[in-house]
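Reader: I have this model open at the bench and would love a close look at the interior and the residues that border it. Please start from the surface and work inwards, taking your time over the side-chain pairs.

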Amino acid sequence: MQHTLLLVDDERGITDAIKRMLRSEPWQILQASNADEALQLFDQHPIDLLITDYKMPGTDGLSLCR
């Protein structure tokens with residue numbers, strides 16, 4: 001069973017770098033650039049792990065986790 005990781009950051013370069021670092025791991029990796037995109041992905045996929053930036057425009061990472 002493959003687990004799903006969601007990376008959320010308003011700077012795409014950050015999520016791209018994390019995705020590259022984890023490419024050899026057995027994860028399906030999804031990326032979102034803001035909380036709204038992340039919430040849409042939560043509706044579409046079962047997410048096992050969330051890694052999010054704290055300071056983002058609009059909804060911050062802590063509010064997204066709640």
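Author: Happily. Let's begin outside, at Lys55, which is exposed with a relative accessibility of 68%. Please keep in mind that this is a predicted model. Lys55 sits in the loop that runs between β3 (49-52) and α3. Although 45 residues separate Lys55 from Asp10 along the chain, their C-alpha atoms are 8.7 Å apart.

From Asp10, step back one place to Asp9, in the loop between β1 (3-8) and α1. Is Asp9 buried or exposed, and which side chain of opposite charge is nearest? Asp9 is buried and has no salt bridge, and the nearest oppositely charged side chain, that of Arg12, is 9.9 Å away. Its side chain does have a backbone partner: one of its polar atoms is 2.8 Å from the backbone nitrogen of Glu11. Beyond its neighbours within four places in sequence, Asp9 is in contact with Ile14, Thr15, Ala32, Ser33, Asp53 and Met56. Two names on that list, Ala32 and Met56, will return when we reach the nonpolar core.

Now to Arg12 itself. Arg12 does form a salt bridge, with Asp16 as its partner, and the closest N and O atoms are 3.3 Å apart. That distance is within the 4 Å cut-off for a salt bridge, so the pair qualifies. The count for the model is one salt bridge. Why are these two residues placed to meet? Both belong to helix α1 (residues 12-21), and because they are four residues apart, about one helical turn separates them. As a general point, an α-helix has 3.6 residues a turn, so residues three or four places apart point the same way. Both partners are partly exposed: Arg12 has a relative accessible area of 47%, and Asp16 has 26%.

Asp16 has a further partner, and this one brings us to strand β2. Gln31 lies in that strand, and at 15% relative accessibility it counts as buried, since the limit for buried is under 20%. The side chain of Gln31 makes a polar contact of 2.9 Å with the side chain of Asp16. A second polar contact, 2.8 Å, joins the Gln31 side chain to that of Thr15. So which residues surround Gln31, leaving aside its neighbours within four places in sequence? Gln31 is in contact with Leu6, Leu7, Arg12, Thr15, Asp16, Lys19 and Leu41. Both partners of the salt bridge, Arg12 and Asp16, are therefore among the contacts of Gln31.

Leu41 leads on to helix α2 (residues 35-44), where Ala35, Ala38 and Leu41 are buried. Viewed down the axis of α2, these buried residues fall within an arc of 115°, so they line one face of the helix. On the other side of α2, the exposed residues are Asp36, Gln40, Asp43 and Gln44. The buried residues pack against β1, β2 (27-32) and α3 (61-65). At the start of this helix, a side-chain oxygen of Asn34 comes to within 3.1 Å of the backbone nitrogen of Asp36.

We have now arrived at the interior. The largest nonpolar core has ten residues: Leu6, Val8, Leu30, Ala32, Ala35, Ala38, Leu41, Ile47, Met56 and Leu64. At least two of them come from each of β1, β2 and α2. The most generous contributor is α2, with three residues. In soluble globular proteins, nonpolar side chains tend to be buried together.

Ile47 gives a good view of this core. Not counting residues up to four places away in sequence, Ile47 touches Thr4, Leu6, Leu30, Leu41 and Phe42. Thr4 also marks the way to His45, in the loop between α2 and β3. The C-alpha atoms of His45 and Thr4 are 8.0 Å apart, although their positions lie 41 residues apart in sequence. His45 is partly exposed, at a relative accessible area of 25%. Leaving aside neighbours within four places in sequence, His45 is in contact with Gln28 and Leu30, and Leu30 is one of the core residues.

One last stop takes us back outwards, to Leu62 in helix α3. Leu62 counts as partly exposed, with 41% relative accessibility. Its C-alpha atom is separated by 8.4 Å from that of Thr52, ten residues away along the chain.

Note on methods. Residues are numbered from 1 along each chain as its sequence is written. This is a predicted model: local features need pLDDT of at least 70, side-chain atom pairs count only at pLDDT 80 or more; totals for chains, interfaces and linings use all residues. Side-chain values use heavy atoms; hydrogens and water are left out. Buried means under 20% relative accessible area, exposed over 50%, partly exposed in between (1.4 Å probe, protein chains only). Lys and Arg count as positive and Asp and Glu as negative; His and the chain ends are not counted. A polar contact is a pair of N or O atoms within 3.5 Å; within protein, one must be able to donate a hydrogen and the other to accept it, and residues adjacent in sequence count only if both atoms are side-chain atoms. Contact means heavy atoms within 4.5 Å. The arc is that of the directions from the helix axis to the C-beta atoms. A nonpolar core is a set of buried Ala, Val, Leu, Ile, Met, Phe, Trp, Tyr and Cys residues joined through side-chain atoms within 4.5 Å.
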